[in-house]
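Biologist: I'm new to this one. Please walk me through it, a piece at a time.

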Amino acid sequence: RSWNFNPGPAALPLEVLEQAKEAFVEYGDQGLSLLEMSHRSKTVERIVEETERLLLELIDLPSGYRVLFMGGGASAQFALVSMNFLRAGTIARYLVSGSFAEKAYREALTVGQAEVLASGKAEGWKRLPDVRQLKVRTDTAYVHMTTNNTIEGSQFRDFPDTGTVPLIGDMTSDILSRRLDWTKFALIYAAAQKNLGPAGVTAVIVKEELLRAGSADIPAIFQYRTYADNHSLYNTPPVHAIYMMKLMLEWAARQGGIPELEKRNERKIGLLYEAIDAGDGFYRGIVEKPYRSTMNATWRMADEELEKRFALESEREGFIGLAGHRSVGGLRASAYNAVPEEACKALAEFMNDFRRRRG
Ligand code: PLP
């Protein structure tokens, strides 16, 4: 198999793909594929319940949180959080730390009043605001942050203390990658296509209290409450995507859960940053060191010509997905949970070799 460093949809473990292949044609003993089963069947109900339970177990959240499975990707959540929780007379406040965070903020502006609490845009997204001393006014509907900035390659290590104001986190590109104090968040969302499986479903983990405070004046299909009250089976859910998430969560548990995945991720990305930092600026990390992501390493080279050559040669050597996002340029290696350590070792070796040849 190729070494898959795609930013998303991301690499999946081979054993998960093999398991999925078996269940694809025949699932259980009814002579049906899972793809053909009613979402009202006991089998599908059980898959949904199991997946909810597995996710809460892995992140070890105390009771009082619900798991929902929703469609529309993380982009739908940008709109839904404001539609549900941004009331007249309150202001949604956003940490704008990258382009997805900015998109989320712009969606809130279409719904009500929203403000930027801090932004890294003027500095080219090279560093993150210090959120430890953040003061949040009492007229704040919620604070929204993107814990890992997939495109730019930065990641928050600290989370603000927002008191009674709900903190909402887009964890699409770093959920299950590291230990953290989940209880700081009232709502977390993550589209599946990085650490939770293939694209097609978004996991939402939400505090009961916030769930009940959501607007009841918007269409039912857009209310978080609807999903909670119907165990994500209000309408036809993406059953197969949820099943794939279940397999990914079981795989993550088999690896030793988040503590083990975190250790591996630090070693993996450490290999890549070492290669970036070796040798007189041949590779130049885009993000300042304290803010570097453990999921997405981004770097530039002397000129676009050299970057193109790197992308071309690396692909020829079996490394997939290293071109940087079109808005940032340069190169990016996304080393999500399912990317094996050998892949990062091989890439670091390739980078060192390329530098020796072209430097
Ligand atoms: N937020 C973050 C942090 C992401 O990485 C992505 C996708 O890469 C998105 C939002 C958008 O997700 P989707 O394409 O599922 O709408």
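Modeller: A term to begin with: helices and strands here are DSSP runs, numbered from the N terminus, with at least four residues for a helix and at least two for a strand. By that rule, A191 sits in strand β9, which covers residues 187–191. Keep in mind that this is a predicted model.

Biologist: Is A191 buried or exposed?

Modeller: A191 counts as buried, because it has 26 C-beta neighbours inside 10 Å and the cut-off for buried is 20 or more.

Biologist: And what does A191 touch?

Modeller: Leaving out residues up to four places away in sequence, A191 touches G73, A74, T172 and T202. A203 is 12 residues from A191 in sequence, and their C-alpha atoms are 6.2 Å apart.

Biologist: Before I go on, what pLDDT does the chain get on average?

Modeller: The chain has a mean pLDDT of 96, and 100% of its residues reach 70 or more. For the complex, the predictor gives an ipTM of 0.99 and a pTM of 0.98.

Biologist: OK, the ligand. Which residues are around it?

Modeller: G8, G73, A74, S75, F100, T146, T150, D170, T172, S173 and A191. So A191 from before is one of them.

Biologist: Which element gives the largest share of that shell?

Modeller: Helix α3, residues 73–85, with three residues.

Biologist: How many of the shell residues are nonpolar, polar or charged?

Modeller: Three are nonpolar, seven are polar and one is charged.

Biologist: Staying with α3, what about A79?

Modeller: A79 is in that helix. It is partly exposed, because 17 C-beta neighbours lie inside 10 Å. A79 and G330 are 251 residues apart in sequence, with 30 Å between their C-alpha atoms.

Biologist: And A88, where is that?

Modeller: In the loop between α3 and β3 (91–96). A88 is exposed, because 7 other C-beta atoms lie within 10 Å. From A88 to V111 the C-alpha distance is 9.7 Å, with their positions 23 residues apart in sequence.

Biologist: Switching to helices. How many residues has α8, and what does it span?

Modeller: Helix α8 runs over residues 257–277, which is 21 residues. From first C-alpha to last it reaches 30 Å, close to the 30 Å expected at 1.5 Å a residue.

Biologist: Which residues of α8 are buried?

Modeller: I258, L261, N265, K268, I269, L271, L272, A275 and I276. They lie on the same side of α8, because they cover an arc of only 150° around the axis.

Biologist: Why would residues spaced like that point the same way?

Modeller: An α-helix has 3.6 residues a turn, so residues three or four places apart point the same way.

Biologist: What do the buried residues of α8 pack against, and what is on the face turned away?

Modeller: They pack against α2 (42–59), α7 (239–254), β11 (284–285), β12 (296–300), β14 (331–334) and α10 (341–358). The face turned away carries the exposed residues P259, K263 and E274. Just after α8, G279 takes a positive phi of about 85°.

Biologist: You mentioned α2. How do its expected and actual spans compare?

Modeller: They agree, because its 18 residues should span 26 Å at 1.5 Å a residue and its end C-alpha atoms are 26 Å apart. The buried residues of α2 are V44, I47, V48, T51, E52 and L55. An arc of only 130° around the axis holds them, which puts them on the same side of α2.

Biologist: What covers that side of α2, and which exposed residues face away?

Modeller: The cover includes β2, β10 (202–207) and α7. On the face turned away are the exposed residues K42, R46 and E57.

Biologist: Anything odd in the backbone?

Modeller: Most residues other than glycine have a negative phi, and most peptide bonds are trans. D60 is not a glycine, yet its phi is positive, about 55°. D60 lies in the loop between α2 and β2 (65–70), and it is exposed, because 10 other C-beta atoms lie within 10 Å. H231, also not a glycine, has a positive phi of about 50°. H231 is in the loop between α6 (224–229) and α7.

Biologist: And which peptide bond is cis?

Modeller: The one from G8 to P9, with omega near -5°. P9 belongs to the loop between β1 (3–4) and α1 (14–25), and G8 is among the residues around the ligand.

Conventions
Residues numbered from 1 in each chain as written. Predicted model: local features only at pLDDT ≥ 70, side-chain atom pairs only at ≥ 80, totals over all residues. Near = placed C-beta within 6 Å. Nonpolar A, V, L, I, M, F, W, Y, C, P; charged D, E, K, R; others polar. Expected span 1.5 Å × (residues − 1). Buried ≥ 20, exposed ≤ 12 C-beta atoms within 10 Å, placed from the backbone. Arc of directions from axis to C-beta. Contact = placed C-beta atoms within 7 Å. pLDDT = per-residue confidence, 0-100.
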